[in-house]
Amino acid sequence: MFTGIIQTIGKVVKYDGERLWVQASFARIQMGESINVDGVCLTVAAKKRRALAFDVGHETERVTTIGHLQSGSKVNLERALRVGDRLGGHWVSGHVEEIGRILKIEKARASWTITFSVPKTMRRLVVPKGSLAIDGISLTVVSVRGDKAKVMVIPHTLAHTTLSLKKLHDPVNLEPDLLAKYALR
């Protein structure tokens with residue numbers, strides 16, 4: 001379980017379609033530990049100095065942007081919650097539902113609004129003032145219109161996540177609010 005509050009940005013060292021190596025600034029990482037990598041919960045399978053390796057399954061590659069990563073790509077990283085940690089964002093499982101695309105980026109005073117496409121299978125789970133994890137980042141939905149959702153991004157979030165590197169039409173991992181999924185079911 002994660003919060004969607006990104007702790008650091010990592011750099012992809014290598015991805016061969018099966019194993020992803022990411023350089024990270026985390027200390028004392030344990031083998032088998034869960035790390036949220038751009039919104040995807042992955043398990044540490046190997047370590048080498050500051051690089052962590054994650055085995056990536058076919059389904060993970062199919063429903064996430066992991067398959068688009070190359071050497072040098074930047075990724076959002078968050079370690080799993082521990083008992084007693086603050087829950088500053090929202091409950092994020094790291095189980096990405098779909099890939100969306102950035103449709104619009106607009107400056108709004110000191111912040112930005114970013115509009116994303118929302119695939120049909122997720123539309124009932126995305127609501128105004130609800131939570132949405134985008135590339136693992138806990139964001140609040142400002143508005144929803146048809147197949148589009150708009151979020152507000154404050155300067156701190158933009159500066160400390162990979163959102164600052166995104167361009168129009170870039171793919172992003174989408175995970176709807178966990179509680180919304182259970183409520184709908």
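**Figure 1. β9 and β10, an antiparallel pair in a predicted model.** β9 and β10 pair in the antiparallel sense, and four bridges hold the pairing. Keep in mind here and in every view below that this is a predicted model. Within the pair, L132 stands opposite L139 in β10. β9 covers residues 131-134 and β10 covers 137-145, and the loop between them is where D135 lies.

**Figure 2. D135 in its loop.** Zooming in on the link between β9 and β10, we land on D135. Is D135 buried or exposed? D135 counts as buried because its relative accessible area is 0%. Which residues does D135 touch, once those up to four places away in sequence are set aside? The list runs I6, D38, G39, T65, N76, T162, K166, V172 and N173. Two of these names come back in later views: D38 belongs to the hairpin of β3 and β4, and V172 is the bridge partner of G100.

**Figure 3. The barrel that contains β9 and β10.** Pull back a little and six strands close into a barrel, in the order β7-β8-β11-β10-β9-β12. The pairing is antiparallel, with a twist that averages 45° from one strand to the next. One of the joins is between β7 and strand β12 (residues 171-176), an antiparallel pairing over four bridges. G100 has V172 of β12 as its bridge partner.

**Figure 4. The β7-β8 hairpin and a charge over a ring.** Strand β8 takes in residues 111-117 and pairs with β7 in the antiparallel sense over six bridges. The two strands make a hairpin with two residues between them. In the turn, R109 has a positive phi of about 60°. Where does the charged end of K107 sit? It sits over the ring of W112, 4.1 Å from the ring centre. The same two residues are matched up across the strands too, as K107 stands opposite W112 in β8.

**Figure 5. The other barrel.** Here six strands close into a barrel in the order β1-β2-β5-β4-β3-β6, and the pairing is antiparallel. Neighbouring strands of this sheet are turned by 45° against each other on average, if direction is ignored. For a look at one join, take strand β1 (residues 8-15) and strand β2 (residues 19-23): four bridges link them, and they run antiparallel. K14 finds its bridge partner in β2, namely W21.

**Figure 6. Two hairpins that share β4.** β3 and β4 pair in the antiparallel sense over four bridges. S34 has T43 in β4 as its bridge partner. This hairpin has two residues between the strands, and D38 takes a positive phi near 50°. On to the next hairpin: β4 is also joined to β5 by four bridges, again running antiparallel. K48 stands opposite A51 in β5. Two residues lie between β4 and β5, and in the turn R49 has a positive phi of about 55°.

**Figure 7. Nonpolar cores.** The largest nonpolar core has 20 residues. Which residues have the most contacts inside it? They are L20, I35, V37, F54, I66 and L77. At least two residues of this core come from each of β1, β2, β3 (34-37), β4 (40-48), β5 (51-55) and β6. β4 gives the most, with three residues. For a close-up, pick I66: leaving out residues up to four places away in sequence, I66 touches Y15, L20, V37, V40, L42, V56 and T60. There is also a second, separate core of 19 residues, which includes L132, I134, I137 and V141. As a general point, nonpolar side chains tend to be buried together in soluble globular proteins.

**Figure 8. L81, between β6 and β7.** L81 is found in the loop between β6 (74-79) and β7 (98-108). With a relative accessible area of 28%, L81 is partly exposed. Its contacts, not counting residues up to four places away in sequence, are M1, F2, T3, R86 and L87. L81 and G146 are 65 residues apart in sequence, and their C-alpha atoms are 34 Å apart in space.

**Figure 9. Rings and charges.** The charged end of R79 sits over the ring of F26, 5.7 Å from its centre. How many aromatic pairs does the structure hold? Zero.

Methods
Residues numbered from 1 in each chain as written. Predicted model: local features only at pLDDT ≥ 70, side-chain atom pairs only at ≥ 80, totals over all residues. Heavy atoms only, no water. Phe/Tyr/Trp six-rings, centres within 6.5 Å; stacked < 30°, edge-to-face > 60°. Lys NZ or Arg CZ within 6 Å of the ring centre and 35° of its normal. Pairing = 2+ DSSP bridges. Axes fitted to C-alpha atoms, helices over the stretch in contact; angles between N-to-C directions. Buried < 20%, exposed > 50% of the residue type's maximum accessible area, 1.4 Å probe, protein only. Contact = heavy atoms within 4.5 Å. Core = buried A, V, L, I, M, F, W, Y, C linked by side-chain atoms within 4.5 Å.
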